[in-house]
Amino acid sequence: MKILQSTLLLLLFVSLIKPAPPTQQNTDNFEEILFTRDYEDQYLDGKNIKKKESMMTSDEKSLQLQKDESSTSLPLKKENDANLRRLDFTGNLIEDIEDTTFSKLSLLEELTLAENQLLKLPVLPPKLTLFNAKYNKIKSRGIKANTFKKLSNLSFLYLDHNALESVPLNLPESLRVIHLQFNNITSITDDTFCKANDTHYIRNRIEEIRLEGNPIALGKHPNSFICLKRLPIGSYF
């Protein structure tokens with residue numbers, strides 16, 4: 001009888017010292033630690049990968065692509081960019097842009113393609129106020145005759161440091177600033193900025209035309225500037 005009692009007491013004591021199951025709070029903390037470690041690992045891995053790739057930041061109204069040594073074409077989102085107001089692709093190796101690339105960006109106001117490898121210009125969005133394609137390799141044959149004709153809001157045009165042999169045709173009346181310095185422009189006509197058949201025509205909005213660094217003596221073309229309030233910057237002799 002005493003042996004049985006002792007056995008029962010021993011079993012009761014063992015049951016009392018059996019480890020209690022983990023509480024819900026401990027389980028939650030444990031899961032939270034695992035989640036945190038997993039998130040940090042993924043974040044750090046993603047951060048390291050992003051250092052090797054081009055960086056693109058975007059919101060509803062702007063998008064900028066930073067320099068990417070491997071880029072030769074223009075990557076664009078095609079569904080959610082319709083409300084963009086500004087695009088900046090400065091400092092890449094973009095060589096060609098298809099004419100349909102900007103066809104859905106009807107509200108785009110500023111487009112910068114500076115410091116790339118472009119030989120020609122695509123069809124541009126109709127509401128541009130600023131277009132910058134300086135420091136490329138664009139030649140005059142790479143700009144269609146009607147490229148700027150319908151851009152009635154365009155105020156700032158930067159095509160300096162390219163390979164243009166002539167001033168682009170059909171520049172819109174809205175232009176205020178035109179940068180064409182350091183190209184290969186050798187001649188201009190009476191219709192380049194003015195209207196040869198209208199001696200009363202005045203181009204009121206033009207504030208600055210830069211033509212320095214071109215192999216042209218502007219003094220040989222006096223009738224080309226009679227409609228301007230300010231003479232172009234450049235060599236006259």
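**Exercise 1.** Leaving aside its neighbours within four places in sequence, which residues is Phe131 in contact with?

*Solution.* Start with the ground rules: this is a predicted model, where local features need pLDDT of at least 70, side-chain atom pairs count only at pLDDT 80 or more, and totals for chains, interfaces and linings use all residues. Numbering runs from 1 along each chain as its sequence is written, and side-chain values use heavy atoms, with hydrogens and water left out.

Next, look for contacts, meaning heavy atoms within 4.5 Å. Phe131 touches Leu111, Leu113, Leu121, Leu124, Phe148, Leu154, Phe156, Leu157, Tyr158 and Leu159.

Now place Phe131 in the largest nonpolar core, which has 42 residues. Such a core is a set of buried Ala, Val, Leu, Ile, Met, Phe, Trp, Tyr and Cys residues joined through side-chain atoms within 4.5 Å; buried means under 20% relative accessible area, with a 1.4 Å probe and protein chains only. Phe131 is among the residues with the most contacts inside that core, a group including Leu111, Phe148 and Ile178.

**Exercise 2.** Find which cysteines form a disulfide, and work out its handedness.

*Solution.* Look for a pair of cysteine sulfur atoms within 2.5 Å. Cys194 and Cys227 fit, with their sulfurs 2.0 Å apart. The torsion about their S-S bond is about -85°, so the disulfide is left-handed.

Then locate the ends. Cys194 sits in the loop between β7 (177-179) and β8 (208-210), and Cys227 in the segment after β8, so the pair ties together parts 33 residues apart in sequence. (Strands are DSSP E runs of at least two residues, numbered from the N terminus.)

Last, check burial: Cys194 is buried at 6% relative accessible area, and Cys227 is buried at 2%.

Conventions: Buried means under 20% relative accessible area, exposed over 50%, partly exposed in between (1.4 Å probe, protein chains only). Helices (H or I, at least four residues) and strands (E, at least two) are DSSP runs, numbered from the N terminus.
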